[in-house]
Every structure is written in structure tokens, then in C-alpha cells.
Amino acid sequence: MIIGMINAKGGVGKTTCTCNIAAGLASRNKRVLVIDNDPQANATSLLLGDQVPGKTLYDLLLGSMEEDPSLFSAEPTALPSAAQRISIESCIYPTIHGVDILPNSTDTATLEFDLYQNAANYGLLRRLIRSYAQENYDYTIIDCPPTLGAVWVIMAMVAADAIIIPVSAGSRMSLDGLSSVYAAVEKISQKANTELKFLRALINKVDLRTSASKLIVETMRKRFPDRCFDTTIPACTAVEQAEIFRTTVLKHDGASNAAKRFRLLADELIGLTHG
Ligand SMILES: Nc1ncnc2c1ncn2[C@@H]1O[C@H](COP(=O)(O)OP(=O)(O)OP(=O)(O)O)[C@@H](O)[C@H]1O
Ligand SMILES: [Mg+2]
């Protein structure tokens, strides 16, 4: 199953949840691939630490994007020939977290304009990764940047089977974009990818000592009955520390509350998806 992590709001925990759910699934003996589909490359740094990957999603996309019959053809991007295309295997790396990663790099941001220009590219990630991911992994999780209309998110929605929307119980505003993500999923599922569905919202950064956090959890459960994971992720200093050490919380402090919840969440996800 291929899952996209999407919320247009920044800082809600898309990357943290991508990497830690992936590590949780791996701890349950699932074969897991993380695709870092965000040119900020935060998932890459969390899962690979100091290791600098040789090839990344940048190389893979550059080698395969459709030429643009563009409005701006006066300065066309020099696109590679088929001979320069590279294999997906050469862009995938094992990590100490038991999951593989297709990493990203900040260079990828330079491809956005050309990719966006030609709608044939919206299916590019799907064409590149889908059958490989289905054959080699039980779960593939695609981390996305904090936006909705950008080409990265469109490509992820066209490539995925399901979308998880992480929200932060620390911010009322992280709920505001939810209906637009939901509407985008509906649209893509009608037009470009009939397999796509909204799986669950994931409530992150829960601090039940605060009434604001409690209220957000209640609001979410009312607004999306049966569409939120039962398991929530607590706001936990171990998660912040793990980020500083560029690792998962499962690796940094496997006994922490957050690590326990991520393992439970992996179980809930496996149950939901009959994995
Ligand atoms: N459960 C949590 N407890 C404590 N801190 C958390 C938790 N989840 C995420 N964080 C912290 O919140 C910050 C934002 O998290 P993260 O980078 O995962 O969000 P994001 O949605 O991927 O951000 P962006 O939109 O920029 O991609 C990070 O510093 C992360 O360590
Ligand atoms: Mg992120």
C-alpha cells in the first residue's frame, strides 16, 4: 500500500509521523519504503543522518520528466535523453531504522516549474515508483511539503492508494486546511486516480494537560467520526530531541510515550489495511 502524508499546514508533524510510522511498521516486520517527496529533504536527514545520498529523487525525476512544449521554450531546460535515465533501485538506500528511503535534495525545487508546466508529469511519480513499490514493499509512505496545489502533492496523490492527514493538536489552524485536503483527494480520486482514498486523520502533538489540546481532539473526533486514528501521538520532548539528533524517536528513546504510540499506530494501520 502506498500512503501520502498530506497537510497544507506546515509543522504539523508530516515528516515526524512519516518516519516514525515507517519505523513502527518495520518493527512489526513489514517491508517499508519512505519516499521523501519534499525538497526540504527533512525525512532524508531524519532517516539518513549524516549520510549524503549519491542519487536522489532529483536524479530520478530529471531523468524521466516529459519535455515541455513550453510557453517558455526560449530557455528550455536541457532534458536528458532516455540513455541518461536512471533506475529507481539506484536511488534507494537502506537505513538503520529498518526502512529504506528514496531521498530528496534541495536541488529538486528547481524542477518544480518544468514539472508543473506539463500535466503529463503529474503521473510521473506514479509511473516511476508504483509497480516497484508494490512488488518490493508492504508499505510505502510519501512525505509531502506543506502545500496542496504544488506539483509534489499532486504527484503524490496520483501515485498513492491512500492519504493520511496529520494534524497538530497544538494548533487550531492546522485543522483549517483539512477540508481542502479532503476536497483535493475527492477530485483526484474522480479524475486521475480512482484507487485513492482518504484513510485517516492522525492527531499529533496531543497534550491533554491543556484545554486547547483537548478541545482540538474533541473537535476532530466530532468532525471526522470514524475517520481519525484511535491512536494519537503525544507532544513529547523525546520527539524534539530525536529531531535534533537526526533520528527517529523509536531509535532515540524506544521506551518514550511517543515511541510506544507510534508502534501502536503501526498496529492500527496494519489492522486497517489488512497488512
Ligand atoms: N509529537 C511531537 N512531539 C513533540 N514535537 C513534535 C511532535 N511531532 C513533531 N514535532 C516537532 O514539530 C516540528 C515540526 O515537525 P515536522 O517537521 O514533522 O512537521 P512537518 O509537518 O513535516 O513540517 P513541514 O510542513 O515543514 O514539512 C519538528 O521540530 C518536530 O520535531
Ligand atoms: Mg515535513
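Arg246 is partly exposed, with 15 other C-beta atoms within 10 Å, where a residue is called buried if 20 or more other C-beta atoms lie within 10 Å of its own, exposed if 12 or fewer, and partly exposed in between, the C-beta atoms being placed from the backbone. The model is predicted, and for that reason local features need pLDDT of at least 70 and side-chain atom pairs count only at pLDDT 80 or more, whereas totals for chains, interfaces and linings use all residues. Residues are numbered from 1 along each chain as its sequence is written, and chains are lettered from A and ligands numbered from 1 in the order in which they are written.

Arg246 lies in the loop between H9 and helix H10 (249-252); helices (H or I, at least four residues) and strands (E, at least two) are DSSP runs, numbered from the N terminus. The backbone of Arg246 has a positive phi of about 55°, although the residue is not a glycine. Most residues other than glycine have a negative phi. Lys205, which is not a glycine either, also has a positive phi of about 55°, and this residue is found in the loop between E7 and H8. Lys205 counts as buried because 24 C-beta neighbours lie inside 10 Å.

Four residues with their places and neighbour counts are set out below.

| Residue | Location | C-beta neighbours within 10 Å |
|---|---|---|
| Ile129 | helix H5 (residues 124-136) | 26, buried |
| Asn121 | loop between helix H4 (112-117) and H5 | 22, buried |
| Asp267 | helix H11 (residues 257-272) | 15, partly exposed |
| Lys205 | loop between E7 and H8 | 24, buried |

Contacts are taken between residues whose C-beta atoms, placed from the backbone, lie within 7 Å. Not counting residues up to four places away in sequence, Ile129 touches Ile35, Ile88 and Ala159, while Asn121, on the same basis, touches Met65, Glu66 and Leu115. The C-alpha atoms of Ile129 and Asn193, 64 residues apart along the chain, are separated by 15 Å. Asn121 and Ile216 are 95 residues apart in sequence and 37 Å apart in space, C-alpha to C-alpha, whereas for Asp267 and Ile21 the separation is 246 residues in sequence and 9.7 Å in space, again C-alpha to C-alpha.

The largest nonpolar core, a set of buried Ala, Val, Leu, Ile, Met, Phe, Trp, Tyr and Cys residues joined through C-beta atoms within 7 Å, holds 84 residues, of which Ala22, Val34, Ile142, Ala156 and Met157 touch the most other members. Helix H6 (residues 151-159) gives the most to this core, with nine residues. Leaving aside neighbours within four places in sequence, Ala22 is in contact with Val32, Val34, Val99 and Ile141.

Helix H1 has 14 residues and reaches 20 Å from its first C-alpha to its last, close to the 20 Å expected at 1.5 Å a residue, the expected span being 1.5 Å times one less than the number of residues. H1 is mostly covered, with 13 of its 14 residues buried, and the helix is followed by Asn29, whose phi is positive, near 65°.

Ligand 1 is surrounded by 21 residues, the closest being Gly10, Lys14, Thr15, Thr16 and Pro146, where a residue is near a molecule if its C-beta atom, placed from the backbone, lies within 6 Å of it. Helix H1 (14-27) and helix H9 (237-244) each supply at least two residues of this shell. By class, the shell has eight nonpolar, eight polar and five charged residues; Ala, Val, Leu, Ile, Met, Phe, Trp, Tyr, Cys and Pro count as nonpolar, Asp, Glu, Lys and Arg as charged, and the others, Gly among them, as polar.

Helix H8 (residues 211-223) has 13 residues and reaches 18 Å from its first C-alpha to its last, close to the 18 Å expected at 1.5 Å a residue. The buried residues of H8 are Ser213, Ile216 and Met220. They lie on the same side of H8 because they cover an arc of only 60° around the axis, the arc being that of the directions from the helix axis to the C-beta atoms. These buried residues pack against strand E6 (162-168) and strand E7 (197-204), whereas the face of H8 turned away from its buried side carries the exposed residues Ser211, Leu215, Glu218 and Lys222.

Methods. Contact = placed C-beta atoms within 7 Å.
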